[in-house]
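Visitor: I would like a close look at one part of this model, please. Could you take your time over how that part packs against its surroundings?

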Amino acid sequence: MGFLMLKNIHIFSALISFTLFFMRGLWVMRGSAMMQQKWVKIVPHINDTILLGTAIALMISIGQYPFVEAWLTVKLLALVAYICLGIEALGLAKSDIGRSLAWLAALIVFLFIVSVAITQSPFGFLYSFML
Ligand code: HEM
């Protein structure tokens, strides 16, 4: 598979990941029955596997890796933060306010990851605050 195709799949599944996480956060906060739908429990995992799979394939095709290139290290660590915050937002956090704050923080971290990807700089959008 070509580089552009891989990258398009990566970007598309990132978009799906964001949309699904955004919606699931709203459903959890509203106590919606949507969270019990079978596809809602399955599709995010399939999609996130595609996101990670294409990330690995992209790294191999450009020959850049986390813990070698700073922007990829930051991307990987920010992804771990996004996952942890997501787990809090969709279940673990004990209070509504805790879940809402974790959800908001996860969305901001996600946008940060996108900015790191686009700029290929470890600072991403934070760079604008440093000038
Ligand atoms: C929530 C997680 C992620 C999101 C939202 C995301 C988003 C993006 C976006 C938008 C691009 C295209 C950037 C551009 O061409 O302007 C991209 C490219 C890329 N991403 Fe990700 N990504 C994520 C996770 C990862 C992870 C974990 C890795 C590996 C550690 C990774 C590795 C790459 C690579 C190697 C490219 C290609 C860069 C290039 O064009 O040379 N991504 N990502």
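Before we zoom in, what share of the contacts in the protein chain with a separation of 6 or more comes from residues 24 or more positions apart? After that, please walk me through helix 1 and its contacts with helix 3 and helix 4.

Guide: Happy to. Please keep in mind that this is a predicted model. Your opening question has a short answer: among contacts with a separation of 6 or more, 61% join residues 24 or more positions apart. The chain holds five helices and zero strands, in the order α-α-α-α-α along the sequence. Its C-alpha trace spans about 45 × 40 × 20 Å along the principal axes, and 16% of the 131 residues count as buried. The radius of gyration is 16 Å, which agrees with the value near 14 Å for a compact globule of 131 residues.

Now to helix 1, which covers residues 3–30. Let us start with its contact with helix 3, residues 70–92. The two axes come within 9 Å and cross at roughly 30 degrees. Angles under 35 degrees count as roughly parallel, and helix 1 and helix 3 are therefore roughly parallel to each other. On the helix 1 side the contact is made by Phe 21, Arg 24, Gly 25 and Val 28, and on the helix 3 side by Gly 86, Ala 89 and Leu 90. By class, these residues are four nonpolar, two polar and one charged.

The packing against helix 4, residues 96–119, has another geometry: here the axes of helix 1 and helix 4 are 10 Å apart, at an angle of about 170 degrees. That makes helix 1 roughly antiparallel to helix 4. Helix 1 brings Phe 18, Phe 21, Phe 22, Gly 25, Val 28 and Met 29 to this contact. From helix 4 come Asp 96, Arg 99, Ser 100, Trp 103, Ala 106, Leu 107 and Phe 110. The classes here are nine nonpolar, two polar and two charged. Notice that Phe 21, Gly 25 and Val 28 take part in the contact with helix 3 and also in the contact with helix 4.

Finally, helix 1 has a part in the ligand's surroundings. Helix 1, helix 2 (38–62), helix 3 and helix 4 each supply at least two residues of the shell around the ligand. Of the 21 residues there, Ala 14, Ala 55, Leu 58, Ala 117 and Ile 118 come nearest. Ala 14 lies within the span of helix 1. The shell divides into 17 nonpolar, two polar and two charged residues.

Notes: Residues are numbered from 1 along each chain as its sequence is written. This is a predicted model: local features need pLDDT of at least 70, side-chain atom pairs count only at pLDDT 80 or more; totals for chains, interfaces and linings use all residues. Axes are lines fitted to C-alpha atoms, for helices over the stretch in contact, and angles run from 0 to 180 degrees between N-to-C directions. Helices (H or I, at least four residues) and strands (E, at least two) are DSSP runs, numbered from the N terminus. Angles under 35 degrees count as roughly parallel, over 145 as roughly antiparallel, 65 to 115 as roughly perpendicular and the rest as oblique. Two residues are in contact if their C-beta atoms, placed from the backbone, lie within 7 Å. Ala, Val, Leu, Ile, Met, Phe, Trp, Tyr, Cys and Pro count as nonpolar, Asp, Glu, Lys and Arg as charged, and the others, Gly among them, as polar. A residue is near a molecule or strand if its C-beta atom, placed from the backbone, lies within 6 Å of it. The radius of gyration is taken over C-alpha atoms; the globule rule is 2.2 Å times the number of residues to the power 0.38. A residue is buried if 20 or more other C-beta atoms lie within 10 Å of its own, exposed if 12 or fewer, and partly exposed in between; C-beta atoms are placed from the backbone.
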